[in-house]
Amino acid sequence: MNDYIVELEDIQKKFENVLILKDVSFGIKERETISICGESGAGKTTLINIMGLLEPPTHGTIFWEGQKTITYGIEKISQLRAKIFGYIFQRCNLIPELNVIENILFPKRITSKIRTSDIEFAQQLLRLVQLGGFEERNVLTLSGGESQRVAAVRAMINRPRIIIADEPTGSLDEKSANIIMDMIINLCREYGSSLLLITHNQLFAKKMQTSYVLNNSKLKQLDCLESEG
Ligand SMILES: Nc1ncnc2c1ncn2[C@@H]1O[C@H](COP(=O)(O)OP(=O)(O)OP(=O)(O)O)[C@@H](O)[C@H]1O
Ligand SMILES: [Mg+2]
């Protein structure tokens, strides 16, 4: 038994006989911050989809909280996924038919009924990212940076153990990207979530404790790469 929240063991992934991931073993611990970089098409999103059981690996084993996930049914997967992961994407994927607070509470509805305390927590998070009073706003009227902050708050609503941020600032200017990145890091610190950040931005990658690069289907820790010369 180790202390990984989520662990991948010897993962291989092929799409139509094209090898995307080979022998990937990797885990995330409590409160750990990790970055993964790699060229477009390297397989970064595929890797996090496999981690969240949104995509099956061709070979390999996925453990959630020390248990092999292969035996889990769909219902258990969906409940546990909502508890373990909060996702923030490059294009925020806010639901246009729902206003700001309804978007934020959406992942909560997957796991339980909405209580007053959930609404209060959503409001507290909104204030933390300087969007107090935005609860009823139509998400189509938000700026890119505001949308991304709402997406970050939505990822946090279940107090997940791991926030997965897939290029969360890729569509923003440098100043807004810096502000949002710091907000995501602060939210994770405040609520004790681990952070897995996929980014092309080396400055953001350096803010994480551990950095990996995905290249030629292999995941390598950056320090190892440097020591290999
Ligand atoms: N369902 C699929 N069927 C076939 N090929 C796929 C599928 N999903 C992804 N791929 C391919 O697998 C490769 C890895 O895709 P992935 O989205 O993981 O890359 P990425 O590293 O996240 O890239 P980016 O930085 O552009 O987001 C790409 O070549 C992509 O076209
Ligand atoms: Mg991607």
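Reader: What makes helix 1 stand out in the shell around ligand 1?

Author: In this predicted model, helix 1, residues 44–51, gives the most to that shell, with three residues. The residues around the ligand include Lys44, Thr45 and Thr46, along with others such as Phe15, Glu16 and Ile20.

Reader: How do you know which residues of that shell count as nonpolar, polar or charged?

Author: The split is three nonpolar, six polar and two charged. Phe, Ile and Ala count as nonpolar, and the shell has Phe15, Ile20 and Ala42. Glu and Lys count as charged, so Glu16 and Lys44 go there. Gly is counted as polar, so Gly38, Gly41 and Gly43 land in that group.

Reader: Why are strand 2 and strand 5 called edge strands?

Author: The open sheet has four strands in the order 2-1-4-5, with antiparallel pairing. Strand 2 (18–29) and strand 5 (67–68) each pair on one side only.

Reader: What makes strand 4 and strand 5 a pair?

Author: Pairing takes at least two bridges. Strand 4 (residues 59–64) and strand 5 have two, in the antiparallel sense, so they qualify. As for partners, Phe63 is bridged to Lys68 in strand 5.

Reader: Where does helix 1 lie relative to the strands?

Author: Helix 1 lies across strand 1 (4–15), strand 2 and strand 4, and runs at about 125° to strand 1.

Reader: What makes Val153 notable in the largest nonpolar core?

Author: That core has 62 residues, and Val153 is among those with the most contacts inside it, as are Ala152 and Ile184. Leaving out residues up to four places away in sequence, Val153 touches Ile104, Ala122, Leu125, Leu126 and Val129. Touching here means C-beta atoms within 7 Å.

Key: Residues numbered from 1 in each chain as written. Chains lettered and ligands numbered in written order. Predicted model: local features only at pLDDT ≥ 70, side-chain atom pairs only at ≥ 80, totals over all residues. Near = placed C-beta within 6 Å. Core = buried A, V, L, I, M, F, W, Y, C linked by C-beta atoms within 7 Å. Buried ≥ 20, exposed ≤ 12 C-beta atoms within 10 Å, placed from the backbone. Contact = placed C-beta atoms within 7 Å. Axes fitted to C-alpha atoms, helices over the stretch in contact; angles between N-to-C directions.
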